[in-house]
Amino acid sequence: MEIKSKTTVSLVLGSGGARGLAHIGVIRWLEANDFRIESISGCSIGALIGGIYASGKLDLFEHWIRAINKVDIVTLLDISWGKAGLIKGDKIINTLVELVGDQLIETLPISFTAVATDINNEKEIWINSGNLFDAIRASISLPLFFTPFDHNGIMLIDGGVLNPVPIAPTFHDKTEITIAVNLCGSVKRKNAPIEEIPEPEPEARSAPLREKIGRFLQRFTQPEEDDSDHDLGAYDVANQAFETMQSAIARQKLAAYPPDYVLEIPKNACGMLDFHRAAEIIDSGYEKAEKHLGRMLRDPDTEGGRLYSWNIPLKDAEKPELGVPMPSPTIELPD
C-alpha cells in the first residue's frame, strides 16, 4: 500500500481506562506525519478522546489532563447512593462540558461513532447522532464503577463489554486506511518496583467518605503484577475479570474484522485510573506510533501491507485472514 501525503484515516480507539490517554499520543503522531483523520469509532475512553478530538478541542483537554493529580481525580467523583454503581459521573461530564463545550455529533467536522452496550437487550449500540457528551457518558459507563446511563429508558453501559475495539462502524468509510488502537494488549512484564502512591494532601482528608473512596481507587491505580503472593479483594477480582474478558473479545474482533494497522498497548501499562500519569501515558502512545506506524512510512509492505504491533508475535494460525468482513447494521438510539 502506498502511503502518501494527507492519507485519509479511519481511527478506531479502544477501551481501557487511563491507558486510553495513549490515544492522544497516537493522534498527535498521525497529525505530525501528515495523516488526515476523517472518521473515528471509539468506546469508553476511546469514545471520550475521539469525541473531544472530533469536536476540535483536544488541545484544551490535553492541557487540562496533563495538569491533574490524584486529589483532582477524587474531587471529580460524585458518589451514587444507589446500587447500580459507585459514581454518578455527572461531575466529570459537567467539568468536561465546561472545559471544551458540547456539540451535536452530526455537526462535528469528523465522522464520529461512540459504542455503548444495551445491558437489558444485550446489544451493541452505535451512537452517531445527538448530544456528544451523552454519547460519551453512555460509552464510559464501566460496570460497578459508573452508574448506567439512561437514554429514553434504554440502560446503557460501557461499550467495551461487547466490543472493546469497535472496528465495524468504520466499514462504510471512504478513507484510505483503518488504524485501530487496542488497549487490551498482552501483559508486559516489568522488573521495576511499583511506584508508591503518595498520601493525599491534607485538604483531601476533610471528608472521611472521600478518604475512603481514595483508598478504594488505589486498587485501580496500580499496574497489574503477579498477585500470587497476596489475596485479591472482590474489586480486584472484578477488575481483572473485566480486563481478561475485554482482552479475549478484542482478539476475536481483530481476527474477525482486521483493520489495516493495529497498535497494541499492554493492558498493564498503567492502572485503570492512573490519569495523574497523563504526560507519561500520552508520550508513550506517541512513541508506540513512531516505532510501529513509522515502519509503515519506511516500509509500506510491512506484513503484506498490514502491521500488527503485538508485544508477542502472533502464531500463524492466529493471524486474521485478509478479506472483507460482513458489515453489521448501524444501531441508532431513538430521539
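How many of the 9 residues of β9 are buried? The count is 9 of the 9, so β9 is largely enclosed by the rest of the structure. This is a predicted model. The points below start at that strand, move to its neighbours and the helices, and end with charged side chains.

**Strand β9 and its partners**

- Strand β9 covers residues 177–185.
- Strand β1 covers residues 8–13 and runs parallel to β9, with 5 bridges joining the two.
- One contact point in this pairing is V9, whose bridge partner in β9 is I177.
- Strand β10, residues 261–266, is also joined to β9 by 5 bridges, and these two strands run parallel.
- V181 has L263 of β10 as its bridge partner.
- N182 stands opposite E264 in β10.

**Strand β10: two faces, both covered**

- In a regular strand the side chains alternate between the two faces of the sheet.
- Y261, L263 and I265 point one way from β10.
- V262, E264 and P266 point the other way.
- Are these residues buried or exposed? All of them are buried, whichever way they point.
- That fits the count for β10, where 6 of the 6 residues are buried and the strand is mostly covered.

**Strand β8 and D158**

- D158 sits in strand β8, which spans residues 154–158.
- D158 counts as buried because its relative accessibility is 2%, and the cut-off for buried is under 20%.
- D158 and D118 are 40 residues apart in sequence, yet their C-alpha atoms are 9.0 Å apart in space.

**Helices α1 and α2**

- Helix α1 spans residues 22–32, and 9 of its 11 residues are buried, so α1 is largely enclosed by the rest of the structure.
- The buried residues of α1 include the charged R28, along with W29 and L30.
- The other buried residues of α1 are A22, H23, I24, G25, V26 and I27.
- Just after α1, D34 takes a positive phi of about 70°.
- Helix α2, residues 45–54, is mostly covered, with 10 of its 10 residues buried.
- Among the buried residues of α2 are I45, L48, I49, I52 and Y53.
- G46, A47, G50, G51 and A54 of α2 are buried too.
- Just after α2, G56 takes a positive phi of about 80°.

**Salt bridges**

- Side chains of opposite charge can pair when their charged atoms come close.
- How many salt bridges does the structure hold? There are 10.
- One joins the side chains of K6 and D34, at 3.3 Å from N to O.
- K6 lies in the segment before β1 and D34 in the loop between α1 and β2 (36–43), so this pair ties together parts that are 28 residues apart in sequence.
- K6 counts as partly exposed because its relative accessibility is 44%.
- D34 is also partly exposed, at 29% relative accessibility.
- E243 and R19 form another salt bridge, at 3.0 Å from N to O.
- Why does the E243–R19 pair tie together parts that are 224 residues apart in sequence? Because E243 lies in helix α8 (residues 234–256), while R19 lies in the loop between β1 and α1.
- Both E243 and R19 are buried.
- R277 and E280 also meet in a salt bridge, at 2.6 Å from N to O.
- R277 is buried, with a relative accessible area of 14%.
- E280 is partly exposed, with a relative accessible area of 47%.
- Salt bridges that share partners also build one network, which joins R28, E31, D59, E62, R66 and D283.

**A positive patch on the surface**

- Which residues gather in a patch of positive charge on the surface? They are K188, K291, R295 and R298.
- K188 is found in the loop between β9 and α7 (208–217).
- K188 counts as partly exposed because its relative accessibility is 49%, and the cut-off for exposed is over 50%.
- The strand before this loop, β9, is the one with 9 of its 9 residues buried.

Note on methods. Residues numbered from 1 in each chain as written. Heavy atoms only, no water. Patch = residues over 30% accessible without salt bridge, like charges linked within 9 Å, V, L, I, M, F, W, Y side chains within 5 Å. Areas by Shrake-Rupley, 256 points an atom, 1.4 Å probe, with all protein chains shown as cover. Salt bridge = Lys/Arg side-chain N within 4 Å of Asp/Glu carboxyl O. Lys, Arg positive; Asp, Glu negative; His and termini not counted. Charge placed at Lys NZ, Arg CZ, Asp CG, Glu CD. Helix = DSSP H or I, 4+ residues; strand = E, 2+ residues; numbered from the N terminus. Buried < 20%, exposed > 50% of the residue type's maximum accessible area, 1.4 Å probe, protein only. Pairing = 2+ DSSP bridges.
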